[in-house]
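Let's take a friendly walk through this model, moving from its internal spaces to its sheet and then to a few individual residues. Please keep the structure open as you read.

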Amino acid sequence: MQQQQTNWWKEGIVYQIYPCSFYDSNGDGIGDLQGIIQKLDHLKKLGVTILWLNPIYKSPNVDNGYDISDYQAILADYGTMADWEQLLAEVHKRDMKLIMDLVVNHTSDQHSWFTAACEGKDNPYRDYYTWRPAKNSKEPNNWCGHFFGSAWQYDSKSDEYYLHLFTPEQPDLNWENPKLRQEIYQMMNWWLAKGIDGFRMDVINMISKDQALPDATDGKKGEKYIYGGQYFLNGPRVHEFIQEMNQKVLTKYDIMTVGECPGAKLDDALLYVGKERNELDMLFQFELMDIDDAIGDGNRWNPKPWQLVDFKRVITHWQHGLHDKGWNANFLMNHDFPRALSRFGNDTLFRTKAASMLATLTLTLAGTPYIYQGEEIGMTNVAFDDIDNYRDIDTLNFYKEAKAAGRDHNEIMQLIHKRSRDNSRTPMQWDNSENAGFTSGTPWIKVNPNYNEINVELDQKHPESIYSYYQKLIALRKENPALIYGEYRPFLEEHPALFVYLRVLNGVKFLVLLNFSEHTIDFKCPEFKYSKLKLILSNYRSAINENIHHVIRPYAARVYKFGAACTLSGAKSGSDGKALESGLGAKPAW
Ligand code: GLC
Ligand code: CA
C-alpha cells in the first residue's frame, strides 16, 4: 500500500466549541471568550489538539452568528478583539491550534455591504448580492430557503427581490463579482496574518449558483417552493472560485481547511479534497447525517428509523473512496444535529457504554476526528415541553409552519425533541451547581435538567467515566499511526448490530469491534484461535482479559492489536486479514 502523506491536521483531534453555550465568565448568561480561556485546561487534559470555534463575529444573531455583520469584529457578547487575541495566544501556548468559522456564502442583512446595496440599483455594492425583478408577478424562481418559505425577499424600494438561501436576514453573496471575491480573500488573509491555523468553511459548496436561476424540480411536485439544490450545490464555478481562494490565500500558510458541503457525493468530494486539486484539505459531507431523513432532501423534519447496515455502508464508502486520494473528516454530530448519543446510541440505561462506543468509532476511523462539546461527558438530547424554551430559528419556523398546517402540538413537540438543533446547543454541563456551573446568571437557553447526573466534574472524578475513556482513546490514536493513516477494512458488513473493521499500516493491525445494540451478542468463531490478539482498550472493565469469541455486551467497544507474529489458527500464513475475514464472515451465532 502506498504511504499517505503525513500532516499535523491529519494527526490532530478537533474539538468543536459552540461559544455561546460553552462557559460564561461574566454572568450575562452567554458563553464568551474569557470563558473558553478558563476552560482550556479541560481541553488540554482531554488530549484534543485543534479547537474549532463557531462564529464569534459581530452579528445580529438571527441564526446564532451565521449572519455576520462585520467579519473583522468580535460580537460584544463574546468579548473584544483583545480577548480573542489572548485566546489565540493561550491556545498556542498549550500547543493547540485554533480554527475559525468562515461564513462567506452569505452575510447578515446588517452588513455594510448589504445596507449599501439596498440604497439603489446603481450602488457599487448592489452587485455583491443577487437581485432580480419579479417573474410573472411572483418571485424570480420557486426555490425555498433552508428555513422555510421562499428563497427570495422583496425589496419595495427597488421593486426587486434578493436571493437568500437561508433566512431573509442572510442575503447570499454574489461570487460572480470579482471585487467581492477580492474583499473576501483580503479578510481571510487578515485573519491568517493574526496567526489562526485554519478555517471551517460554512456551506462552501453553495457559493456558485447557476446564473440562469431556473425553477427547481428537485422536490415534491405541487409544492409552492422547492429546495433548488440542483442549481446551487456544487454549482458551475465552485471549483474555479475555491482554486482561486487557494491560490490567493490558503496556499501561503500552513493551515487546515475543512469545507462544509451538504449534498456532496464522493465524486464531488474528490474534486474538493483530491490530492492534486489545490482546493481544500477535507470536507464535511452529510451522507451519514442524512441516514434517517425520509425524503432525502436534507430536511430534518421528516425522519425515518435508521439501520446499522446503511450506517456502515456510508462509512465504508467514504473510508474507501478517499483513501490515499483525499482525507476524511469524521463526526457524528455538530451544532446542527441532535446529540449523537441520543440518535445513534442510547441515552438512558446504557449511556456510558454507548457514548464510549461511539467515541471509539470516531477516533479509530481514517480521517480527522471531530468531537463536539459535551460528547466527552455523554451529554444527551433535551425535551423542553414549551416551545418558548427553544431558540433555534429552524425549530421555531418549523413549529409555526406545522401549527399552521394543523398538526397536533404533541406530535410537533415530539419531533422537536428528536430533531431540533437546540438538542446540541444547551449549555455545557460543568458541575452540579445551579445552571450546571455554566453561568451565574440566566442562561440564554435552558440547561438540560439532567446536569446533576451528567457533568464534567463528576466525570473527571471517576476513573471509568466517558471522559477518562476519551482520554485513553485519544492517547491511543496519537501513539499509533496505523489508527491515523492505516487502511480501513470492514467485516460482517451485513451484520445488523456489530460494526467490525481493521486498520492496517505497514504490518501493524488493529481490530475494532463495536456493538451498536442493547443486546448481548454471543459472537463465537470457534474455528479460530485469537490468542495473539491483544485487547488494548475496552469500555467494559472485565473484558480486559476476554478474547474475541466471547460475548459482546451491549454497546461494547473493543480495540485489539495483532501481535507481531500473529497468525490465526486456520489461517494460511501471511494472510491473516483474509482469514479473519472468513472467520468473522462465518454466520455469527447469537
Ligand atoms: C451551516 C451552519 C448552520 C447555519 C447555516 C447557514 O449549515 O452550520 O448552523 O444555520 O450554515 O449559515
Ligand atoms: Ca458572558
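## The largest cavity

Fifteen residues, given here as 15, line the largest cavity, and those nearest its centre are Gln285, Leu288, Ile315, Asn330 and Phe331. Please bear in mind throughout that this is a predicted model. The volume of this largest cavity is about 150 Å³, and the structure holds five cavities of 30 Å³ or more.

Which elements build the wall? At least two residues of the lining come from each of α9 (308-322), β12 (329-330) and α11 (351-364). Helix α9 gives the largest share, with four residues. By class, the lining of the largest cavity has 10 nonpolar residues, five polar ones and no charged ones.

## The second largest cavity

The second largest cavity encloses about 100 Å³ of space. Its lining is made of 13 residues, and Leu341, Ala355, Leu358, Glu375 and Tyr470 lie nearest the centre.

Helix α11 turns up again here: α10 (340-344) and α11 each provide at least two lining residues of the second largest cavity, and the largest share, four residues, belongs to α11. The lining of the second largest cavity divides into nine nonpolar, two polar and two charged residues.

## An open pocket

Turning from cavities to pockets, the second largest pocket has a volume of about 560 Å³. It is lined by 23 residues, with Asn7, Trp9, Lys275, Leu280 and Asp281 closest to its centre. The classes in the lining of this pocket are seven nonpolar, nine polar and seven charged residues.

## The eight-stranded sheet

In what order do the strands of the open sheet run? The eight strands follow the order β11-β10-β9-β5-β2-β1-β13-β12, with parallel pairing. β11 (282-284) and β12 are the edge strands; each has a single partner strand, so one side of each has no neighbour in the sheet. β12 is also one of the elements that supply at least two residues to the lining of the largest cavity.

Further inside that order, β5 (residues 97-102) pairs with β9 (residues 198-201) in the parallel sense over three bridges. If you would like a spot to look at, Asp101 stands opposite Arg200 in β9.

## Thr439 and its surroundings

Thr439 sits in the loop between α13 (409-419) and α14 (456-461). Is this loop residue buried or exposed? Thr439 counts as buried because its relative accessibility is 7%, and the cut-off for buried is under 20%.

The side chain of Thr439 makes a polar contact of 2.5 Å with the side chain of Asp24. A polar atom of the Thr439 side chain also lies 2.9 Å from the backbone nitrogen of Gly441. Leaving aside residues up to four places away in sequence, Thr439 touches Asp24, Gly27, Gly29 and Glu434.

## Two positive phi angles

Most residues other than glycine have a negative phi. Asn136, however, has a positive phi near 45°. Asn136 lies in the loop between β6 (131-132) and β7 (152-155), and counts as exposed because its relative accessibility is 69%, where exposed means over 50%.

Asp159 also has a positive phi, of about 55°, although it is not a glycine. Asp159 is found in the loop between β7 and β8 (160-163), and its relative accessible area of 47% makes Asp159 partly exposed.

Technical notes
Residues numbered from 1 in each chain as written. Chains lettered and ligands numbered in written order. Predicted model: local features only at pLDDT ≥ 70, side-chain atom pairs only at ≥ 80, totals over all residues. Heavy atoms only, no water. 1 Å grid on protein atoms, 1.4 Å probe; cavity = no way out; pocket = protein on both sides within 12 Å on 5 of 7 lines; lining within 4 Å. Points joined across faces, edges and corners; volume = space filled by probe spheres on them. Nonpolar A, V, L, I, M, F, W, Y, C, P; charged D, E, K, R; others polar. Buried < 20%, exposed > 50% of the residue type's maximum accessible area, 1.4 Å probe, protein only. Polar contact = N/O pair within 3.5 Å; in protein donor to acceptor, adjacent residues only side chain to side chain. Contact = heavy atoms within 4.5 Å. Pairing = 2+ DSSP bridges.
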